[in-house]
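Reader: Could you walk me through one part of this model in detail, concentrating on how the side chains pack against one another? I would rather have one careful, connected account than a list of separate values.

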Amino acid sequence: MLTTMRTVELLDESDHVANMVLQSDIAENYRQCLYRLKKDSHAQALIAEFMKIKEQYEDVQRFGKYHPDYKTITRQVRDVKRQVDLHATIATFKKAENELQKLLDEISVILGQAVSDHVKVPTGNPFFDTGSSCGGGCGSGGSCGCSA
């Protein structure tokens, strides 16, 4: 592929959009929440505990309800997950992360639809996936029959 001046200009403009996203209030809020999350020792301990129990849960899942610790591990996973979800710092970070993801999804959809209505932009958000022929936004051509 031959790189033209127009291609270089497009790449420069994409860098400009990326810098605008980085300088946005949403991105700044995300960075601040990430910093607070990394500095919150209780939140880090909860996340580490959840990851440890999650590994045990994955081992138990291989045998299902026939594993001797199935009920115990399953209950522990739910309890720790609830603690993680209800922790204020973690919840704030997740909210900021979702807001940033929503902004990036909106930009992706706008760029994709500017090129063509038929361009598939997998966002993982059903709100933006209405333009997909499969309605699921997978864009993979898998079992849904989508031929992206």
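Author: In this predicted model, V80 touches L46, E49, F50 and I53, once residues up to four places away in sequence are not counted. V80 also has a place in the largest nonpolar core, a set of 14 residues in which L37, F50, V77, V80, V84 and I90 touch the most other members. F50 therefore appears twice in this account, as a contact of V80 and beside V80 among the core residues that touch the most other members. Two or more residues of this core come from each of α2, α3 (41–61), α4 and α5, and α3 gives the most, with five residues. In soluble globular proteins, nonpolar side chains tend to be buried together.

The surroundings of the core can be followed through R82, which is found in helix α4. With a relative accessibility of 47%, R82 falls between the 20% and 50% limits and therefore counts as partly exposed. The C-alpha atoms of R82 and F50 are separated by 10.0 Å, although the two residues are 32 residues apart along the chain.

The loop between α4 (70–86) and α5 holds H87. Its relative accessible area is 13%, and because this is under 20%, H87 counts as buried. If neighbours within four places in sequence are left aside, H87 is in contact with D40, H42, A43 and L46. L46 thus joins the two descriptions, since it is touched by V80 and is also in contact with H87.

Helix α5, which gives two or more residues to the core, also takes part in an aromatic pair, and by the rule applied here the count comes to one such pair. Y30 and F93 form it in a tilted arrangement, with 5.5 Å from centre to centre and 35° between the planes. The pair links distant parts of the chain, since Y30 lies in helix α2 (residues 25–39) and F93 in helix α5, 63 residues apart. F93 has a relative accessibility of 10%, which is under 20%, so F93 counts as buried. K95 lies in helix α5 too, but at 56% relative accessibility, which is over 50%, K95 counts as exposed. The C-alpha atoms of K95 and Y30 are separated by 8.7 Å, while their positions lie 65 residues apart along the chain.

Helix α5 can also be followed to the largest pocket, where about 180 Å³ of space lies. The elements that give two or more residues to its lining are α1 (5–22) and α5 (88–115), and α1 gives the most, with five residues. The lining consists of L10, E13, S14, V17, A18, I107 and L111, and these residues divide into five nonpolar, one polar and one charged.

As for the setting of these details, the chain has five helices and zero strands, and its elements run α-α-α-α-α from the N terminus on. Of its 148 residues, 24% count as buried. Among the contacts in the chain with a separation of 6 or more, 45% are accounted for by residues 24 or more positions apart.

Technical notes:
Residues are numbered from 1 along each chain as its sequence is written. This is a predicted model: local features need pLDDT of at least 70, side-chain atom pairs count only at pLDDT 80 or more; totals for chains, interfaces and linings use all residues. Side-chain values use heavy atoms; hydrogens and water are left out. On a 1 Å grid over the protein atoms alone, a cavity is a set of points where a 1.4 Å probe fits but cannot get out, and a pocket is an open set with protein on both sides within 12 Å along at least five of seven lines; lining residues have an atom within 4 Å of a point. Grid points are joined across faces, edges and corners, and a volume is the space filled by probe spheres set on the points. Helices (H or I, at least four residues) and strands (E, at least two) are DSSP runs, numbered from the N terminus. Ala, Val, Leu, Ile, Met, Phe, Trp, Tyr, Cys and Pro count as nonpolar, Asp, Glu, Lys and Arg as charged, and the others, Gly among them, as polar. Buried means under 20% relative accessible area, exposed over 50%, partly exposed in between (1.4 Å probe, protein chains only). Contact means heavy atoms within 4.5 Å. Rings of Phe, Tyr and Trp (its six-membered ring) pair if their centres lie within 6.5 Å; planes under 30 degrees apart count as stacked, over 60 as edge-to-face and the rest as tilted. A nonpolar core is a set of buried Ala, Val, Leu, Ile, Met, Phe, Trp, Tyr and Cys residues joined through side-chain atoms within 4.5 Å.
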